[in-house]
Amino acid sequence: MGECPHIKLCDRQKNTNVRLSLPAVCIVWQTAMIILFGVFIRYNEESDAHWIEHRKAKNISSDIENDFYFRYPSFQDVHVMIFVGFGFLMTFLKRYSFGAVGFNFLIAAFGLQWALLMQGWFHSLDYTDGKIKIGIENLINADFCVAGCLIAYGAVLGKVSPVQLLVLTLFGITLFAVEEYIILNLIHARDAGGSMVIHTFGGYYGLAISWMLYRPNLDQSSRLQGSVYHSDVFAMIGTLFLWMFWPSFNSAITDHGDGQHRAAINTYLALASTVLTTMAVSSLFQKHGKLDMVHIQNSTLAGGVAVGTAAEFMLMPYGSLIVGFCCGIVSTLGYIYLTPFMEKHLKIQDTCGIHNLHAMPGVIGGIVGAITAAAATESVYGPEGLINTFDFVGDFKDMVPTQQGGHQAAGICVAICFGVGGGIIVGCILRLPIWGDPADDNCFDDEPYWELPDDEESIPPVLQYNNHMRNKDV
Amino acid sequence: MGECPHIKLCDRQKNTNVRLSLPAVCIVWQTAMIILFGVFIRYNEESDAHWIEHRKAKNISSDIENDFYFRYPSFQDVHVMIFVGFGFLMTFLKRYSFGAVGFNFLIAAFGLQWALLMQGWFHSLDYTDGKIKIGIENLINADFCVAGCLIAYGAVLGKVSPVQLLVLTLFGITLFAVEEYIILNLIHARDAGGSMVIHTFGGYYGLAISWMLYRPNLDQSSRLQGSVYHSDVFAMIGTLFLWMFWPSFNSAITDHGDGQHRAAINTYLALASTVLTTMAVSSLFQKHGKLDMVHIQNSTLAGGVAVGTAAEFMLMPYGSLIVGFCCGIVSTLGYIYLTPFMEKHLKIQDTCGIHNLHAMPGVIGGIVGAITAAAATESVYGPEGLINTFDFVGDFKDMVPTQQGGHQAAGICVAICFGVGGGIIVGCILRLPIWGDPADDNCFDDEPYWELPDDEESIPPVLQYNNHMRNKDV
Amino acid sequence: MGECPHIKLCDRQKNTNVRLSLPAVCIVWQTAMIILFGVFIRYNEESDAHWIEHRKAKNISSDIENDFYFRYPSFQDVHVMIFVGFGFLMTFLKRYSFGAVGFNFLIAAFGLQWALLMQGWFHSLDYTDGKIKIGIENLINADFCVAGCLIAYGAVLGKVSPVQLLVLTLFGITLFAVEEYIILNLIHARDAGGSMVIHTFGGYYGLAISWMLYRPNLDQSSRLQGSVYHSDVFAMIGTLFLWMFWPSFNSAITDHGDGQHRAAINTYLALASTVLTTMAVSSLFQKHGKLDMVHIQNSTLAGGVAVGTAAEFMLMPYGSLIVGFCCGIVSTLGYIYLTPFMEKHLKIQDTCGIHNLHAMPGVIGGIVGAITAAAATESVYGPEGLINTFDFVGDFKDMVPTQQGGHQAAGICVAICFGVGGGIIVGCILRLPIWGDPADDNCFDDEPYWELPDDEESIPPVLQYNNHMRNKDV
């Protein structure tokens, strides 16, 4: 502790006061959202009060045919994943739980509004009146879009200010919408669960930003980089809600009927398989075979990422198990070997290990999707099923599965490029000395941005005792 | 600490032993419920085993047309809000988490039974046989009714005994059912998400009770009025489940089809907007721009309250954002200025700040609903949509939107009157010295009503050390 | 503390290193799953890409008729119960939260795969091609099957190694599938919510194993057998998610339409009633009327167990309340009197009190089901409703309700026999000294199987201070 106070004095000169910048950004951007929504966003025909007339005109027999009833349960599950899943997964640090849950809440709430606009312009623009028409599927897609930015947050957790996170989100959503349009519409790749579009992009976006924001003296915060017993339990809330609702994530926007049904089954199976191999590898590579909570909290989810693209295809139940099996191993090994390597040699400080949970499994998922698509046959899918599943209609009505496999592979490359390229550019912006980020010895700490309760119990008591004695001496 | 033991001895003379009263009330009331259910409550035609015949008679083509499938997902979300949402939101106090979650559980479980009866007599009585016929919509309404009492609990959190809470609930449900009947059926106001019926009523009911139970020496418990680090994280579980599932709350009992669809979208947007302005105001009004967990836990929800009435109307997406925008600001400012003012000058001790989270946003929601209704036009809603949305049928088939706006405004007044009036009367009853409430220096403490684990770690260690030393001296 | 170190040295000779056995079992069993899934498991016609052709052939008018939309919301709720509900319910111990949530996660993830196979062979085998065809209902049933093993885990919580748990699960699932086939198909008992099949079986299975694994010196771990304040709050997360989603559990696989609708209502009511009587008895039997968290966490759920069988019958709302009323009392008294008695005199150490939460209420539920079935009449159910509800078709088309009552009673006996018998056999296997279970003074501790954070705050500070002083003296 001898030199500690000195270092602190120097370092704390870094100004983390966001009293002007944070309110300004929130108010101005929210006002902009209101104006843009006023100009552009309207209800679509299923959420508009004219639905009843529209329904009769289209001879739809029942209100239950409204897309709301196909997708609302999945939407709510996805919503839980975004706010509780991602939020609590990141509470594992001993003194950054407020930041984990709170900033996750902030950037997701902003991001989903901006995503409705960005994705709306690309996908839901009604050319007759120039308005974006939204319904339940748009809400799900907005949540998806936000997920990409929350993944990126995982890489920089504890090292950035809330204003930086809002900037990261603004650009992240923008890049996402463009990348998604290219991959899904121009390249015509399928990616229901977003292995490429969400996880690969979000993962590399976050890693590139983390690389740009490299902090050589981050070990000054090492006292705060671990967990405490109860913060690990809180993180398991996040893990489990992500794990349980992932079948809804991957099936939320797939085709009605068998598409949603199959995507849920495949994801359920892949995730189950991942749990076993994660536990196996975690135990095998630790001293005395003890399990490591970091692996259980994160790698158990890799199967859900990796089955994202192929979940709606005829991957077969055993295929899902195989994907999950491999990803549990790869992801856990990533935590054991790759994360330390990347920090030491590549100058990428990845707080939550998103490379192991999102980037790698995302790429694997893209590859699995490409192979599964290329191997599709009419005998397995049925003639109509093949067209339906791969959407071989309109401009793409002459495509064949092998071609589709190629397009899928192209999609992976686009996602990586957007992630890395976008991350480097946004990282440059975030290096400007105006955002109020914490000093190196002040990372992973809620103290700079949150009023903390007067909570002596969470300071290790021996230290407290020391302080107490010291004060008495004085 | 010198005079503390003395005060405690005096104060603890107040008898908090509920060993007879609590079991007696629980058993007797539950028995009464069984008898009343036996006399009055039966399944409705959609939950009765005769459904299959009824379905054929009515030419309903499929089981999926059963109201169960329209509303069950929303019902479960509402159920989570009631038990986990409200329960955990109140765990923020450092030593009142058992009481927060546990008493919330108790009064909600009792309240929903009593609500099924009270609301049933008003709304679901089958005059052919004098029975109340219940289905999924009744369960949702019962949960809604309970919400009003749980809001009131927030105002008196930590200051009352479980028996008092049961009394508060018994009368609260009764008043709610009457008030709801007047507002929805007699006045013919619309209030799908209960801005008026639930939040305005529940808020003022709780505040009036708190005013009647004013404790001038409550500062004797001030050591327990704050949070600790992990209790704030627990409270965020409540916040997030309320926030995420609020779209289900506001859409749970709206019209099938576009009604549910639109209500979910509007609520989703209003809540997103609230998060940003809450963060902005919280940061702006604190020293060094630090965020305050009390605001994040509560004010972020104000948009959901305020959009309750108008969620099913054609409020437009930007309209929802504006409502959320304003409520985040109003509610956070309420925590900063109004709550201390009310405690000091109006003798209203509002533990959870329900005035800022429910009462004010509820009134705002009522006003927004009145304006939106008055401004409705056939061109926006379509001829059938207008009739459908505002239920201009039967006795009300000649109503026009501007009239409806007036009726909505009348609804707000009724809700406030029932809340304040009912709260004063019930407060009088709760002042009787027979309920086992805690002494002023024993508030916000689980100790009087719960067996506590032998849990040294949650006592601030320095105190412990002191105690330890003192014991050694002896 | 004087003799403690000595005992520890002796006892810790028991080898809890699972570094080879746990990975080996996980990898080998998961590989076996992949092979068996490859050979046996395919999508059913509702999750297969041929669905669209199948739909047209069967003249199904809409995708919404896919069973996915009838059952997916309930499935997700059940999924939450299995992973968050059971997992967090067991986190109440002060130092076994990782094991509670983590091992629950592990065995559920393995169990559901094995259950898909075992139940598939009995119920979903397509004899035309020898394949098991799975859809959403199979996933729900697999989760149900897993629940039986998780119940058993509750009895041995803290006293077994993860490898033992996997063995317990392997045999548990196998026994479950056979028992279920006998009860549902051969005996033709109805058991939608699994009072007999899941809770009675799982309860006695766990108790018999616990009896076989009796530890006479378990009091050496008594310091770890209690809870701490926050671990009790974590456990309430489990309690509430079980409590809230139990209506989905009991209605998840009942008949479409009124069957699901009625099961949800009955369960909702029974659980509400249980809360009140649990609180009453808990308060009445404690000193000063203080509530005991153990009762609130567990006994409040007994009503859901006990209404499992009869939930889909015309139990009537008041019938549900009566069942819940009785079970709250019986279960809480069980915790107060039976659990200590069983530990002392029957050598059954039941960590979570599953006898009170699952075994007894399960048997009560079976009896309630038998009585309700025997009392069924055509006037109450309607002619078609009676046939539908009790499935009086095919080989059983001549059955009458009184007969059905007898069959239900036979089902209870089969469940108990399988539970006790299976538990004894599996208990024998688990006594082999090869599984790496903890020593008597090392139970209820995460330390043997988990890397623990360096977390001084969760050691009682006074001890810490003592250690600190002692170290200084040296």
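## How chain C meets its neighbours

Between chain C and chain A, 28 residue pairs are in polar contact, counting pairs where both residues sit at pLDDT 80 or more. That cut-off is there because this is a predicted model, and side-chain atom pairs count only at pLDDT 80 or more. Eight elements of chain C each put at least two residues into the side that touches chain A: α2, β1, α3 (51-57), α4 (67-89), α5, α6 (136-156), α9 (229-251) and α18 (461-473). Of these, α5(C) gives the most, with twelve residues.

Zoom out a little and the contact takes 84 residues from chain C and 80 residues from chain A. The size of an interface is often given as the accessible area lost when the parts come together. For chain C and chain A, the buried area comes to about 7,200 Å², with carbon and sulfur atoms giving 72% of that. Charged pairs turn up here too: the count between chain C and chain A is two salt bridges. In one salt bridge, the side chain of Lys290(A) meets that of Glu447(C), at 3.0 Å from N to O.

Now turn chain C around and look at chain B. This contact draws 81 residues from chain C and 84 residues from chain B. About 7,200 Å² is buried between chain C and chain B, and carbon and sulfur atoms account for 72% of it. Two salt bridges cross the interface of chain C and chain B. Here Lys290 comes from chain C: the side chain of Lys290(C) pairs with that of Glu447(B), at 3.0 Å from N to O. Polar contacts between chain C and chain B link 28 residue pairs, with both residues at pLDDT 80 or more.

Which elements of chain C each supply at least two residues of the side that touches chain B? They are α4, α9, α10 (258-284), α11 (293-298), α13 (317-345), α15 (378-381), α16 (383-390) and α18. On this side α10(C) gives the most, with 18 residues.

Next, step inside chain C and find its sheet. Three strands make an open sheet there, ordered β1-β3-β2, and the pairing is mixed. The edges belong to β1 (41-43) and β2 (125-126) of chain C, each with a single partner strand, so one side of each has no neighbour in the sheet. Follow β2(C) across to β3 (residues 131-134) of chain C and you'll see an antiparallel pairing over two bridges. Leu125(C) has Ile132(C), in β3(C), as its bridge partner. Helix α5 (residues 97-123) of chain C packs on this sheet and touches β1, β2 and β3 of chain C, with its direction at about 105° to that of β3(C). This is the helix that gives the most residues to the side of chain C that touches chain A. Helix α2 (residues 21-40) of chain C also belongs in this picture: α2(C) lies across β1 and β3 of chain C and runs at about 55° to β1(C).

Over in chain A, you'll find an open sheet of three strands in the order β1-β3-β2, with mixed pairing. Its edge strands, β1 (41-43) and β2 (125-126) of chain A, each pair on one side only. Between β2(A) and β3 (residues 131-134) of chain A, two bridges join the strands in the antiparallel sense, and Leu125(A) has Ile132(A) in β3(A) as its bridge partner.

A search of the whole structure turns up 42 salt bridges over all chains. One of them lies within chain A, where the side chains of Glu45(A) and Lys58(A) meet at 3.7 Å, N to O. Glu45(A) sits in the loop between β1 and α3 (51-57) of chain A, while Lys58(A) is in the loop between α3 and α4 (67-89) of chain A, so the pair ties together parts that are 13 residues apart in sequence.

Finally, a word from the records on chain A. An unreviewed UniProt entry annotates residues 66-432 of chain A as "domain: Ammonium transporter AmtB-like". In the model, the span of residues 66-432 of chain A is 73% helix and 2% strand, and its end C-alpha atoms lie 48 Å apart.

Conventions:
Residues are numbered from 1 along each chain as its sequence is written. Chains are lettered from A and ligands numbered from 1 in the order in which they are written. This is a predicted model: local features need pLDDT of at least 70, side-chain atom pairs count only at pLDDT 80 or more; totals for chains, interfaces and linings use all residues. Side-chain values use heavy atoms; hydrogens and water are left out. Two strands pair if DSSP finds at least two bridges between them. Helices (H or I, at least four residues) and strands (E, at least two) are DSSP runs, numbered from the N terminus. Contact means heavy atoms within 4.5 Å. Axes are lines fitted to C-alpha atoms, for helices over the stretch in contact, and angles run from 0 to 180 degrees between N-to-C directions. UniProt positions are given in the numbering used here, feature names are shortened, and annotations may be inferred rather than shown by experiment. Buried area is the accessible area (1.4 Å probe) that two parts lose on being put together, summed over both. A salt bridge is a side-chain nitrogen of Lys or Arg within 4 Å of a carboxyl oxygen of Asp or Glu. A polar contact is a pair of N or O atoms within 3.5 Å; within protein, one must be able to donate a hydrogen and the other to accept it, and residues adjacent in sequence count only if both atoms are side-chain atoms.
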